[in-house]
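Subject: Structure handover

Hello,

Here is the structure I said I would pass on. My notes follow below it.

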Amino acid sequence: MFMLCRRLPSLARTATTTTTFLCKSMEPTVTATATSSFGVGSSRLAALAQQLRGYKPPPSSSFDEAEELQTDQETAGKVVSQVGFQESMIAPVSKDPERFRPKRAAVLICIFEGDDGDLRVILTKRSSRLSTHSGEVSLPGGKADEGDKDDGMTATREAEEEIGLDPSLVDVVTSLEPFLSKHLLRVIPVIGILRDKTKFNPIPNPAEVEAVFDAPLEMFLKDENRRSEEREWMGEKYLIHYFDYRTGDKDYMIWGLTAGILIRAASVTYQRPPAFIEQSPKFKYPKLVEKHTCMPK
């Protein structure tokens with residue numbers, strides 16, 4: 001786990017974790033940087049980087065006009081209310097379909113090798129002072145800036161701003177299918193490899209991040225410490241997954257969009273499906289939201 005801004009000795013492994021640190025166009029695009037050097041476990045990380053560079057997300061494509069949902073007030077209002085907009089915002093959005101176009105964002109799935117040889121991912125607990133998703137566990141990332149050349153730059157730039165992760169320490173290797181958040185952000189998960197974990201000393205931005213920690217990536221394929229909740233979206237039932245995770249004396253709940261992204265990232269990394277029913281929603285996508293965008297978990 002990362003929290004407090006200083007390096008502490010590795011702690012004993014608990015049931016599911018090894019504590020490593022403590023310190024307070026719409027097509028997905030990503031530029032894979034060259035693998036130059038890795039720290040301990042270099043052969044495994046290098047092989048993983050090569051494997052992940054070969055992964056290609058399904059290409060985005062729009063539905064034919066006949067398959068698109070109408071964007072009249074009734075349909076658009078239903079879509080907006082189900083994905084989490086406030087009721088007061090439904091009418092303006094439905095009268096102006098262009099406002100339904102999701103904004104672009106990217107998150108960084110930063111993988112490194114733990115002290116026990118397991119693959120781990122860096123996570124954050126958002127500041128309780130934030131107006132949205134306060135106190136929730138998330139991946140480093142945020143909205144794209146006009147100056148970002150690709151999603152890899154967005155994700156690593158945001159990670160540097162949030163937790164002090166130098167982009168030069170991360171090899172960006174691929175991106176996954178986009179996810180659509182309940183706030184209508186089209187989120188591109190970007191996978192990067194942390195070459196040498198000893199060079200990363202987390203510096204949380206107190207305005208955005210309360211804690212930085214890490215968790216085993218394979219956890220998101222297991223049915224341990226997991227529960228789910230059934231919900232309905234436009235007549236289709238789907239599951240929201242919750243993972244309860246304890247490290248040191250801290251308890252975290254990883255759920256919703258973050259859990260959905262990590263389930264997918266673990267499936268791609270370990271090349272196997274989760275040991276539980278994922279049950280993503282199945283429905284026609286509204287106009288201006290692309291076919292392969294995964295809707296909120």
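Helix H5 lies across strands S10 and S11, and it runs at about 80° to S11. This is a predicted model, so please read what follows as a description of the prediction.

H5 covers residues 256–270, which makes 15 residues. From first C-alpha to last, H5 reaches 21 Å, close to the 21 Å expected at 1.5 Å a residue. Is H5 enclosed or open to the outside? Of its 15 residues, 13 are buried, so H5 is largely enclosed by the rest of the structure. Gln271, just after H5, takes a positive phi of about 55°.

The sheet that involves S10 and S11 is an open one with 3 strands, ordered S9-S10-S11, and its pairing is antiparallel. S9 (226–233) and S11 (250–255) are at the edges with a single partner strand each, so one side of each has no neighbour in the sheet. From one strand to the next, the twist averages 25°.

Some detail on S9 and S10:

- S10 spans residues 236–247, and its antiparallel pairing with S9 runs over 8 bridges.
- Glu230 has Leu239 in S10 as its bridge partner.
- Glu232 stands opposite Lys237, which is also in S10.
- The two strands form a hairpin with 2 residues between them. In that turn, Met234 has a positive phi of about 55°.

For anyone looking at side chains here, a general point: in a regular strand they alternate between the two faces of the sheet.

Now the chain as a whole. The secondary structure comes to 5 helices and 11 strands. The chain has 297 residues, of which 51% count as buried. About 13800 Å² of the chain is exposed, and 49% of that comes from carbon and sulfur atoms.

Last, the confidence of the prediction. The mean pLDDT of the chain is 75, with 64% of the residues at 70 or more. Which stretches have a pLDDT below 50? One of them is residues 2–41, which have 136 contacts in the model beyond near neighbours in sequence. Residues 283–288 are also below 50, and this stretch has 24 such contacts.

Regards

Key. Residues numbered from 1 in each chain as written. Heavy atoms only, no water. Helix = DSSP H or I, 4+ residues; strand = E, 2+ residues; numbered from the N terminus. Buried < 20%, exposed > 50% of the residue type's maximum accessible area, 1.4 Å probe, protein only. Areas by Shrake-Rupley, 256 points an atom, 1.4 Å probe, with all protein chains shown as cover. Expected span 1.5 Å × (residues − 1). Pairing = 2+ DSSP bridges. Axes fitted to C-alpha atoms, helices over the stretch in contact; angles between N-to-C directions. Contact = heavy atoms within 4.5 Å. pLDDT = per-residue confidence, 0-100.
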